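Thanks, everyone. I have one structure today and two things to go through: a pair of helices, then a pocket.

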Amino acid sequence: MKMDELDALQASLNCALDALRDELSAQNLPPLSSTATEQHPLDDPAYLSSPRIFEARRLALGCIGQLRNLLQVPYEKVVEQSFAVYDTACMNIAVSTGMIDILAESPALSVVELAKRLDLHPIKVATVLRYLATQGWLIEHEYNVFSLARPGLELRKEHNGRVWTGTPGKPRVAMSLLDMMTLPDCKFSTSREKTAFQLSHNTSLSLFDHLKAHPAEFEQWSKSVRSLGAASQKALINDYPWASLDSKTFVDCGGGHGYLSMLLSQELKNSKFIIQDLPEVVRMTKKNVEREYLDQQKEGRLIVEPHDFFQPQHRKADVYMFRYILHNWSNDDCVTILKKSASAAPPEAKFLIIEYIPHRSASTHRTLPAPLSMTSGA
Ligand SMILES: C[S@@+](CC[C@H](N)C(=O)[O-])C[C@H]1O[C@@H](n2cnc3c(N)ncnc32)[C@H](O)[C@@H]1O
């Protein structure tokens, strides 16, 4: 008999939560708490999730998303979605005005004190903080007294989440998407010069040409890309059989500041890495490599050079890597980049494409999966 949707989701959610609880106890990890004042070991980018924990979290979040779709009054979903833009705005306000940094220093702080220290209006500060508390970033312990909740800890200085928020512009670009879809000049174009980016930034330059002309923005943008890599580097090293590629030559196409190659060069001691990027970027990459990996550079295992991936690749190598590259370009551009990069590649060369695929809490599956059994070691 076909299972009722609610029953199937409940069964899958229970199964995911049981697996999570089991794994936490098997690994002697503390219970999860959203109001903890310290990060949970699972939040640490250096923590390597077991496959069971990874799948259990994914399944639980997917079920929660689907349950929302099932249970929420559709009108309320529309209203909630239209307000979602304020979530981002409030998070940016809390970071940019320094609210997060002050809250990070104290166990709990009153709105009056916070507003005084920041020279802001207390009622406006309270509105933003309360909004963030409803989203789980903060806790309102008593009326008008707030502290960081566990997710909010990720917005503290030096944390990957904070670095990621440092690159502004996403709301601006988002507000131009409608024009990009409908204006006669843009609607049927897939050119990199006819995107929402140009409309929102009032420029005719492509994203990367704009960044080249604004070095400080480029620097910040590169830092946020680095945070993306840093947050998943443990999994990246473990999820691919890199050891089978030791002693090979790698070309890191659009390698940015070189962090992927630097990381891999520690794992693959007999391999050589050629990091290529635009001239404006490789200046910084060279400095990074010299500062952090001078020995590998001296041994000739880490080479940094300018190369435009729209031009024929001159390096003959065993592996060509593209991390966080292809999502930036149209389908036609991607085909060009890959074809040009294959110019000097031997037939047995590997092309490794590494991309970030955001988790969405609701799955896009039309049909529900049968409730999973998440046995230990699955
Ligand atoms: C999202 S970043 C990824 C950087 C790096 N692969 C990483 O994982 O950290 C995209 C990179 O592509 C580079 N890029 C853009 N256009 C390029 C081009 N025409 N030729 C080579 N690199 C380019 C940028 O400078 C930037 O460093």
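Helix H13 and helix H14 cross with a right-handed sense. Please keep in mind that this is a predicted model. H13 covers residues 215-239 and H14 covers residues 259-267. Their axes come within 10 Å, and the crossing angle is roughly 25°. Angles under 35 degrees count as roughly parallel, so H13 and H14 are roughly parallel to each other.

Which residues make the contact? On the H13 side they are Arg226, Gln233, Leu236 and Ile237. H14 contributes Tyr259, Leu260, Leu263, Leu264 and Glu267. Sorted by class, this contact of H13 with H14 has six nonpolar residues, one polar residue and two charged ones.

Now the pocket. This is the second largest pocket, and about 200 Å³ of space lies in it. Which elements give two or more residues to its lining? They are helix H12, residues 207-213, then H13 again, and helix H15, residues 279-292. H15 supplies the largest share of that lining, with five residues.

For those following on the screen, the lining residues are Leu211, Lys212, Pro215, Phe218, Glu219, Ser222, His257, Glu280, Val281, Arg283, Met284 and Lys287. By class, the lining of this pocket splits into five nonpolar, two polar and five charged residues.

To recap, H13 turns up in both parts of this talk: H13 crosses H14 in a right-handed sense, and H13 is among the elements that give two or more residues to the pocket lining. That is what I have for today.

Conventions: Residues numbered from 1 in each chain as written. Predicted model: local features only at pLDDT ≥ 70, side-chain atom pairs only at ≥ 80, totals over all residues. Heavy atoms only, no water. Axes fitted to C-alpha atoms, helices over the stretch in contact; angles between N-to-C directions. Helix = DSSP H or I, 4+ residues; strand = E, 2+ residues; numbered from the N terminus. Parallel < 35°, antiparallel > 145°, perpendicular 65-115°, else oblique. Left-handed = near helix turned anticlockwise from the far one by under 90°. Contact = heavy atoms within 4.5 Å. Nonpolar A, V, L, I, M, F, W, Y, C, P; charged D, E, K, R; others polar. 1 Å grid on protein atoms, 1.4 Å probe; cavity = no way out; pocket = protein on both sides within 12 Å on 5 of 7 lines; lining within 4 Å. Points joined across faces, edges and corners; volume = space filled by probe spheres on them.
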